[in-house]
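Q: Could you take me through one part of this protein at close range? I'd like to know how it sits against whatever surrounds it.

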Amino acid sequence: MAATATSASTFLHRLHDDTSLSRGMYRRSSSLSLLSSPTTSSKSARIQFFPKGLANPLFVTPAEKKKSSFQTEAVRQLTGSLTKAEGFRFAIVVARFNEIVTRPLMEGALDTFKKYSVKEEDIDVVWVPGCFEVGLVAEKLGKSGKYHAILCIGAVIRGDTTHYDAVANSAASGVLSAGLNSGVPCIFGVLTCEDMDQALNRAGGKAGNKGSETALTAIEMASLFVHHLKE
């Protein structure tokens with residue numbers, strides 16, 4: 001019995017020593033902070049601990065946000081103006097095909113020019129047979145150096161054949177090429193519609209007048225080129 005008591009006492013004494021040692025090691029290790037490396041700022045985040053040596057995972061001092069070297073206030077933002085249209089010269093290339101649609105589009109553009117103080121003598125209207133010819137004439141006018149922007153107006157309406165796709169694609173690429181080759185803004189104002197009702201709705205009907213929108217785009221682009229993109 002005495003031997004058993006001695007063994008139990010020895011076991012409890014060792015257990016107490018091991019527990020004390022482990023607590024001491026835990027305190028020493030838990031008192032450490034997450035220090036920054038020599039190459040980082042001293043303002044890096046630190047983990048703080050409770051007095052009893054237990055880390056509080058919810059209390060982490062946030063590192064200060066680095067100030068961005070990219071200052072948006074210093075970035076120049078260029079845009080055209082709709083209030084400086086006086087003195088600009090425009091040409092309007094209009095496709096005669098589907099004139100029941102293209103004439104109201106042209107009139108919408110002319111009306112918008114008038115509202116924005118563009119003089120009638122500063123506008124030339126050129127009629128062409130169809131949308132396929134619009135791009136060629138627009139490029140010629142652009143290269144003449146007489147105009148600040150060219151409006152390209154037409155209407156392509158889907159029929160029973162694939163002719164619609166060929167003309168619509170050619171008209172779009174033609175206007176794009178005209179602008180790229182001449183260096184003068186050529187504004188795409190060609191309607192590509194499924195039927196006549198859609199076209200008329202966009203030529204002064206329920207959907208507004210796309211010719212008017214084309215004129216606004218022309219004024220803005222002319223202003224952008226003259227006031228900001230001069231070579």
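A: Here's a walk around helix 4 and the sheet it packs on, with two stops elsewhere in the chain. Keep in mind that this is a predicted model.

Some background to begin with. The protein has six helices and eight strands, and along the sequence they run α-β-β-β-α-β-α-β-α-β-α-β-β-α. Of its 231 residues, 32% count as buried. If you take the contacts with a separation of 6 or more, 72% of them join residues 24 or more positions apart. The accessible surface comes to about 15500 Å², with 57% of that belonging to carbon and sulfur atoms.

Now for helix 4 itself. This helix covers residues 163–182, so to speak 20 residues in a row, and reaches 28 Å from its first C-alpha to its last, close to the 28 Å expected at 1.5 Å a residue. Which of its residues are buried? They are Tyr 164, Val 167, Ala 168, Ala 171, Gly 174, Val 175, Ala 178, Gly 179 and Ser 182. These cover an arc of only 130 degrees around the axis, so they end up on the same side of helix 4. The general rule behind that spacing is that an α-helix has 3.6 residues a turn, so residues three or four places apart point the same way. Flip to the other side of helix 4 and you'll find Asn 169, Leu 176 and Leu 180 exposed.

What covers the buried residues? The cover includes helix 3 (134–143), strand 5 (149–157) and strand 6 (186–193). Right after helix 4 comes Gly 183, with a positive phi near 80 degrees.

Next, the sheet. Four strands make up an open sheet in the order 4-3-5-6, with parallel pairing. Strand 4 (123–128) and strand 6 are at the edges with a single partner strand each, so one side of each has no neighbour in the sheet. From one strand to the next, the twist averages 15 degrees. Helix 4 packs on this sheet by touching strand 5 and strand 6, and its direction makes about 175 degrees with that of strand 6. Further into the pairing, strand 3 (residues 90–95) and strand 5 run parallel over five bridges. Ala 91, for one, has Ile 150 in strand 5 as its bridge partner.

Let's stop at Asp 122, which you'll find in the loop between helix 2 (99–115) and strand 4. Is Asp 122 buried or exposed? Asp 122 counts as buried because its relative accessible area is 14%, and the cut-off for buried is under 20%. Leaving out residues up to four places away in sequence, Asp 122 touches Phe 88, Arg 89 and Phe 90.

The other stop is Ala 203, in strand 7 (residues 203–205). Ala 203 is buried too, because its relative accessibility is 12%. Setting aside neighbours within four places in sequence, Ala 203 is in contact with Val 101, Pro 104, Leu 105, Gly 208 and Asn 209. Glu 107 lies 96 residues from Ala 203 along the chain, yet their C-alpha atoms are separated by 9.4 Å.

Key. Residues are numbered from 1 along each chain as its sequence is written. This is a predicted model: local features need pLDDT of at least 70, side-chain atom pairs count only at pLDDT 80 or more; totals for chains, interfaces and linings use all residues. Side-chain values use heavy atoms; hydrogens and water are left out. Buried means under 20% relative accessible area, exposed over 50%, partly exposed in between (1.4 Å probe, protein chains only). Contact means heavy atoms within 4.5 Å. Accessible areas come from the Shrake-Rupley method with a 1.4 Å probe; for residues, only the protein chains shown count as cover. The expected span of a helix is 1.5 Å times one less than its number of residues. The arc is that of the directions from the helix axis to the C-beta atoms. Two strands pair if DSSP finds at least two bridges between them. Axes are lines fitted to C-alpha atoms, for helices over the stretch in contact, and angles run from 0 to 180 degrees between N-to-C directions.
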